[in-house]
Amino acid sequence: MANLIEHENNNAHKHAFDGALLQLIAQSISQHYPSFRSQEFLKIESSLVNKEMKSRVKLIRDTLAQELPQQYPQALEILIAVLHSEKLSGFSIWPIAEFIQTYGLNHPDISLEALKLLTTRFTSEWAVRPFIKKYPEKTMDFLLQCAKDKNVDVRRWASEGTRPRVPWGERLQDFIKNPSATKDILEALKLDPELFVRKSVANHLNDISKDNPDYVIAVLKQWQEQAQDDNQKRIEWITRYALRTLIKDGNLNALALIGVAHDASIKMEKFSIKQEHLKLGESLEFQVQVLSTSDQPQKIVIDYIIHFMKSNKKTAPKVFKLRSFDIPAYGIVTIEKAHSLKKITTRQYYSGIQKIDIQINGKIFGSKNWHLDVNESSPD
């Protein structure tokens, strides 16, 4: 079998942590701390080359710890001055966040204030988690106050930092076991004027729904009952976005909360696949036609589920959104879709018989098998 060569992705995030960034950090720190040994700091450039992103960040973090004052409050004061100078932005600030969460745990008060500033320049949603674990009451009280801050980034941080399953971040197992621990923060943010913040609330609830679906449904139902006037639209948006995982799973209570009936009066008139034999790089094209048998309009949520072949020759389902709409009385709707089967880093494809289901309002209406051929000569 021919060897498969992995080509370096020159656009990968890890390349942001390079010699140029080291130079910028050294220059920024030296302006506020002339004793900073820039040349010693810059020596790590060659060590970054063969490391992935998180390892690069940690190496920069630990080298900063060696070259900054050994007394944490003094070192933090210098880094805060660097943040105020605004010469660093975006991902270039990540090593500072790592420095605070690693070396500042014994100084929670000044560290939390520093993370509050940092989140307005980058994000502190990962860095605050060690403080939540070590000082749960103090940190949660602090973040609850942040939920009322005038700065939109600080308000959003209160929600993102406490998400049980935030991407790239450490899971907060105590919040997975006790989802009500973050309710006060979400209550303070649910009607925030900024969609940026409300979207975080919805993502937070979506996190919780993966472990505690009934809790999320109960919270959203209460919010719907309490919402008045213009606030109803905000809560409706949060509800739909927060329940997206449960809706994909066909959860009946979640569907009911967005006004979708599991036993809708509908028929699937047609379900066809254009090609049943496909190669990697091609697209699975299919058509679905739905007919309403009701004399009233109905809310319809259609998903498709692909059962991908695994290495053990068994299949595993993955749910994809197809379309959500209102179908008129006795209406008929035709939907066409092409699902790309090209190579992606998050999925390994295997040759064999796969399956696709059509799910309407949480109920499977049709299934078809199709065959995927995975080989090295397939188009990219």
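## Strands 7 and 8

Strand 7, covering residues 352–360, and strand 8, covering residues 363–373, run antiparallel and are joined by 9 bridges. Within this pairing, Gly-352 is the residue that stands opposite Leu-372 of strand 8. The model in which these strands appear is a predicted one.

## The open sheet

Strands 7 and 8 belong to an open sheet of 5 strands, whose order is 2-8-7-4-5 and whose pairing is mixed. At its edges lie strand 2 (277–279) and strand 5 (315–327), each of which pairs on one side only. From one strand to the next, the twist averages 30°.

## The chain as a whole

The protein chain contains 17 helices alongside 8 strands, and its C-alpha atoms fill a box of roughly 75 × 65 × 30 Å when this is taken along the principal axes. Of its 380 residues, 46% count as buried. When contacts between residues at least 6 apart in sequence are considered, 67% of them join residues at least 24 apart.

## Helix 1 and its surroundings

Helix 1 (residues 19–32) has 14 residues, and because a helix is expected to advance 1.5 Å a residue, these should span 20 Å; the end C-alpha atoms are 21 Å apart, which agrees with that expectation. The N-terminal end of helix 1 is capped by Asp-18, which has a side-chain oxygen 3.2 Å from the backbone nitrogen of Ala-20.

The buried residues of helix 1 are Gly-19, Leu-21, Leu-22, Ile-25, Ala-26, Ser-28 and Ile-29. These buried residues pack against four helices that follow in the numbering, namely helix 2 (38–42), helix 3 (45–48), helix 4 (53–67) and helix 5 (72–85).

## Two nonpolar cores

The largest nonpolar core has 81 residues, and those with the most contacts inside it are Ile-29, Leu-68, Leu-205 and Leu-243. Helix 5 gives the most to this core, contributing 7 residues. Ile-29 thus appears both among the buried residues of helix 1 and among the residues with the most contacts inside the largest core.

For Leu-205, once its neighbours within four places in sequence are left aside, the residues in contact with it are Leu-186, Val-216, Leu-220, Trp-223, Ile-238 and Ala-242. A second core, separate from the largest one, consists of 29 residues, including Val-290, Ile-306, Phe-308 and Phe-325.

Technical notes
Residues are numbered from 1 along each chain as its sequence is written. This is a predicted model: local features need pLDDT of at least 70, side-chain atom pairs count only at pLDDT 80 or more; totals for chains, interfaces and linings use all residues. Side-chain values use heavy atoms; hydrogens and water are left out. Two strands pair if DSSP finds at least two bridges between them. Helices (H or I, at least four residues) and strands (E, at least two) are DSSP runs, numbered from the N terminus. Axes are lines fitted to C-alpha atoms, for helices over the stretch in contact, and angles run from 0 to 180 degrees between N-to-C directions. The expected span of a helix is 1.5 Å times one less than its number of residues. Buried means under 20% relative accessible area, exposed over 50%, partly exposed in between (1.4 Å probe, protein chains only). Contact means heavy atoms within 4.5 Å. A polar contact is a pair of N or O atoms within 3.5 Å; within protein, one must be able to donate a hydrogen and the other to accept it, and residues adjacent in sequence count only if both atoms are side-chain atoms. A nonpolar core is a set of buried Ala, Val, Leu, Ile, Met, Phe, Trp, Tyr and Cys residues joined through side-chain atoms within 4.5 Å.
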